[in-house]
Amino acid sequence: MKTYLFPITLILAGLATLASAQSEARPLQKLMQARAGWVKAMSQNLASKNLPEVAKDAEELSKQATKVAGGVEGERKVFNQKVSDLAKAVADAAAGGDEAVIKARLGEFKATCADCHAKFRDK
């Protein structure tokens, strides 16, 4: 019985290591989670009319998307640049106090996310 204990322990340790490695988010997942967090925060801050925070989150999102766009090609670059441009438009509208434009751009932003996910993630 003792001769089986060591291999079983090794197998269980290997499975535990594999499970924990797979549970960590990949870099792209981390980027998308950050974007989802910014969009949620912008929506909440817009609802509470905290436009300076909307602008701050939109600027951070725009910078992140611009950086990502610089490292990819093709349609991925186009989608990331569009996200950056829309986030910049949200920041500008928030700085100007134009809630209607913010709502419109956030709607476009969410549609862009859905289009990109349909193209790349959901397949």
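Student: Why is Glu-53 called partly exposed?

Tutor: Its relative accessibility is 29%. A residue is buried under 20% relative accessible area, exposed over 50% and partly exposed in between, using a 1.4 Å probe and protein chains only. Glu-53 falls in the middle class because 29% lies between those limits. This is a predicted model, in which local features need pLDDT of at least 70 and side-chain atom pairs count only at pLDDT 80 or more, while totals for chains, interfaces and linings use all residues. Residues are numbered from 1 along each chain as its sequence is written, and side-chain values use heavy atoms, with hydrogens and water left out.

Student: What makes the contact of Glu-53 with Lys-56 a salt bridge?

Tutor: The distance from N to O is 3.7 Å. A salt bridge requires a side-chain nitrogen of Lys or Arg within 4 Å of a carboxyl oxygen of Asp or Glu, so this pair qualifies. Lys-56, at 42% relative accessibility, is partly exposed as well.

Student: Where do Glu-53 and Lys-56 lie along the chain?

Tutor: Both are in helix 3 (residues 51–69), three residues apart, about one turn of the helix. Helices are DSSP runs of H or I with at least four residues, strands are runs of E with at least two, and numbering starts from the N terminus. An α-helix has 3.6 residues a turn, so residues three or four places apart point the same way.

Student: Which other salt bridge lies within one helix, in helix 5?

Tutor: Glu-108 and Arg-105 form one at 2.6 Å, N to O. They too are three residues apart. Glu-108 has 35% relative accessibility and Arg-105 has 25%, so both count as partly exposed.

Student: What makes the pair Glu-75 and Lys-119 a link between distant parts of the chain?

Tutor: Their side chains meet in a salt bridge at 3.2 Å, N to O. Glu-75 sits in helix 4 (residues 74–96) and Lys-119 in helix 5 (residues 99–121), 44 residues apart. Glu-75, at 42%, is partly exposed, and Lys-119, at 37%, is also partly exposed.

Student: How many salt bridges are there in the structure?

Tutor: Six. Glu-59, Lys-88 and Asp-92 are linked in a network of them.

Student: Why does Asp-57 count as having no salt bridge?

Tutor: Asp-57 is a buried residue of helix 3. Lys and Arg count as positive and Asp and Glu as negative, while His and the chain ends are not counted. The nearest side chain of opposite charge, Lys-56, is 4.6 Å away, so the distance criterion is not met.

Student: What does Asp-57 touch?

Tutor: Trp-38, Ala-41, Met-42 and Asn-45, not counting residues up to four places away in sequence. A contact means heavy atoms within 4.5 Å.

Student: How do you know that the span of helix 5 agrees with its number of residues?

Tutor: The expected span is 1.5 Å times one less than the number of residues. For the 23 residues of helix 5 that gives 33 Å, and the end C-alpha atoms are 31 Å apart, which agrees.

Student: Which residues of helix 5 are buried, and what covers them?

Tutor: Ile-102, Leu-106, Phe-109 and Thr-112 are buried. Their cover includes helix 2 (27–47), helix 3 and helix 4.

Student: Why is the pattern written α-α-α-α-α?

Tutor: The protein has five helices and zero strands, so the DSSP runs, read along the sequence, give that pattern.
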